[in-house]
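Q: Can you walk me through this one? I'd like to start with the fold and then get to the contacts.

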Protein chains: 2
Amino acid sequence: MENETRQEEIIRVAAKLFKEKGYSAVTMRDLATTMNMKAASLYNHINSKQEILEKIIMRIARKFSVGMATVKSSNDSCIVKLKKIIALHVEVSSQNIYGMAALNHDWMHLEAQLGPYKKLRSDYENDFKEILKEGIAAGEISPIKPDVMMFSILTTLRSLYLWIPKKEVIHLEELTNNLSKILINGIIKEN
Amino acid sequence: MENETRQEEIIRVAAKLFKEKGYSAVTMRDLATTMNMKAASLYNHINSKQEILEKIIMRIARKFSVGMATVKSSNDSCIVKLKKIIALHVEVSSQNIYGMAALNHDWMHLEAQLGPYKKLRSDYENDFKEILKEGIAAGEISPIKPDVMMFSILTTLRSLYLWIPKKEVIHLEELTNNLSKILINGIIKEN
DNA sequence: CAAACAAACTAACAAGTGTTAGTTTTATGT
DNA sequence: ACATAAAACTAACACTTGTTAGTTTGTTTG
């Protein structure tokens, strides 16, 4: 982690602070103190507070879009596609625990990038819903309202960042498997 | 809605603003403008910005605690208990859409009430987990890690506020039934 | 060594923050 | 009509906000 630029370091530290208190409650002086410098010095590396938020959020949002495109273009069954999406969320969330908090809580404070972000998000949700609908049509998935299904699964996946850091040792593969079971097969015991 | 006090009205409007921008980003002048008054006038009805947040959050947190106590003391099976908890979340969330946002996003900005809030929340989670463990012991629920199960179900339920207002007409009972199916039985089609 | 550059610093700004004090308006009950 | 109380107002406060300008320090390169 020693070949990261000073800018990247600032953004990484900012994401951590944003997770704890939210974008609006974190001041440039807070960020500077954590970085062991004065607030004005931050501006040698970044252009504005807003820019930090943009980089944190848009970087992750694009990763999800790319991941979804890969899943979408595969020839897997819908259930397998869903499992791949679950794995995508576990992977991206575990690698961006702090950034995911900003993405979930502070996207509304985006300014110039607010439109582009919303587009990425709604495209993602549409793709997700489409997979569920195909699954229902193919008889793989129960014919419950796709909206409710998507909401249920996606909010769980979007909240992973809250929960992954609490696990002592994170077995990502095990977590992915458990989530797949719970989200797809439910929790009820079958006989 | 005409027998609500001016204080209650302020708190209700504040909750709506908090949902849109978060506690820290909402200024007393924002709140006053929305209420068609000057910021200083707010202080005829409330003592501080912090107090508004406390009332919004603690009021709801207590409702969940009371609801959980009722479920806990019943003689229902674990699956029925879970369904009752789902119904509890649908009910409280639909009646406090704006407040739920503050509870989920802004609890960390509580000051005097931060400790009490955290206690309520962790007690609630422990009760929830206990129900799942009993269900596993009784053979009603699949023997997956109770932590992962609780996380998955609870994050979905905690995010209901994001989603309920989007439904055109809200059939609360139908929503509760659909969620129960999805969260308990999963989405896969059984043959 | 000297030149060049990156990255820290001090000082200051204009605007916005929650909140208080004191005053005026508006409605209520006798 | 008048006293009372509720609820609005104006003005101001001390402090914090993001950001800029200009300067100094330290490190690399020719």
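**Fold and contacts**

A: Chain A reads α-α-α-α-α-α-α-α-α-α along its sequence, with helices (H or I, at least four residues) and strands (E, at least two) taken as DSSP runs numbered from the N terminus. This is a predicted model, in which local features need pLDDT of at least 70, side-chain atom pairs count only at pLDDT 80 or more, and totals for chains, interfaces and linings use all residues. Residues are numbered from 1 along each chain as its sequence is written, while chains are lettered from A and ligands numbered from 1 in the order in which they are written.

Q: How many helices and strands is that for chain A?
A: The secondary structure of chain A comes to 10 helices and 0 strands. Its C-alpha trace spans about 60 × 40 × 30 Å along the principal axes.

Q: What share of chain A counts as buried?
A: 31% of its 191 residues. Buried is 20 or more other C-beta atoms within 10 Å of the residue's own, exposed is 12 or fewer, and partly exposed is in between, with C-beta atoms placed from the backbone.

Q: And what percentage of the contacts in chain A with a separation of 6 or more is between residues 24 or more positions apart?
A: 72%. A contact here is two C-beta atoms, placed from the backbone, within 7 Å.

Q: Which residues have the most contacts inside the largest nonpolar core?
A: Phe18(A), Ala102(A), Phe18(B) and Ala102(B), in a core of 88 residues. Such a core is a set of buried Ala, Val, Leu, Ile, Met, Phe, Trp, Tyr and Cys residues joined through C-beta atoms within 7 Å.

Q: What is Ala102(A) in contact with?
A: Leaving aside neighbours within four places in sequence, Ala102(A) contacts Ala15(A), Phe18(A), Lys19(A), Tyr23(A), Leu53(A), Ile56(A) and Ile57(A).

Q: Let's take some single helices. What about α7 of chain B?
A: Helix α7(B) covers residues 114-137, 24 in number, and reaches 35 Å from its first C-alpha to its last, close to the 34 Å expected. The expected span is 1.5 Å times one less than the number of residues. Its buried residues are Phe128(B), Ile131(B), Leu132(B) and Gly135(B).

Q: What covers those buried residues?
A: The cover includes α5 (78-95) and α8 (146-158) of chain B. Just after α7(B), Gly139(B) takes a positive phi of about 80°.

Q: And α8 in chain A, which of its residues are buried?
A: Val148(A), Met149(A), Met150(A), Phe151(A), Ser152(A), Ile153(A), Leu154(A), Thr156(A) and Leu157(A). The 13 residues of α8(A) should span 18 Å, and the end C-alpha atoms are 17 Å apart, which agrees.

Q: Switching to the pair. What rotation superposes chain B on chain A?
A: A rotation of 180° with 0.0 Å of shift along its axis, at an RMSD of 0.0 Å. That is the relation of a two-fold axis. The superposition is by least squares on C-alpha atoms of residues with pLDDT of at least 70 in both copies.

Q: Which residue of chain B comes closest to the axis?
A: Gly186(B), with its C-alpha at 1.7 Å.

Q: How many residues does each chain put into the contact?
A: Chain B gives 33 residues and chain A gives 33 residues. On the side of chain B, α8 and α10 (172-185) are the elements that give two or more residues, and α10(B) gives the most, with 7. That side has 15 nonpolar, 13 polar and 5 charged residues. Ala, Val, Leu, Ile, Met, Phe, Trp, Tyr, Cys and Pro count as nonpolar, Asp, Glu, Lys and Arg as charged, and the others, Gly among them, as polar.

Q: Why do you say the copies meet through the same surface?
A: Because 100% of the interface residues of chain B are also interface residues in chain A.

Q: Now the DNA. Which residues come nearest to strand C?
A: Met37(A), Ala40(A), Thr27(B), Ala40(B) and Ser48(B), out of 15 around DNA strand C. Near is a C-beta atom, placed from the backbone, within 6 Å of the strand. The surface there divides into 6 nonpolar, 5 polar and 4 charged residues.

Q: And strand D?
A: Thr27(A), Ala40(A), Ser48(A), Met37(B) and Ala40(B) come nearest, of 15 around DNA strand D.

Q: Last one: is Asn36(A) buried or exposed?
A: Asn36(A) counts as exposed, with 7 C-beta neighbours inside 10 Å. It lies in the loop between α2 and α3 of chain A and has a positive phi of about 60° although it is not a glycine.
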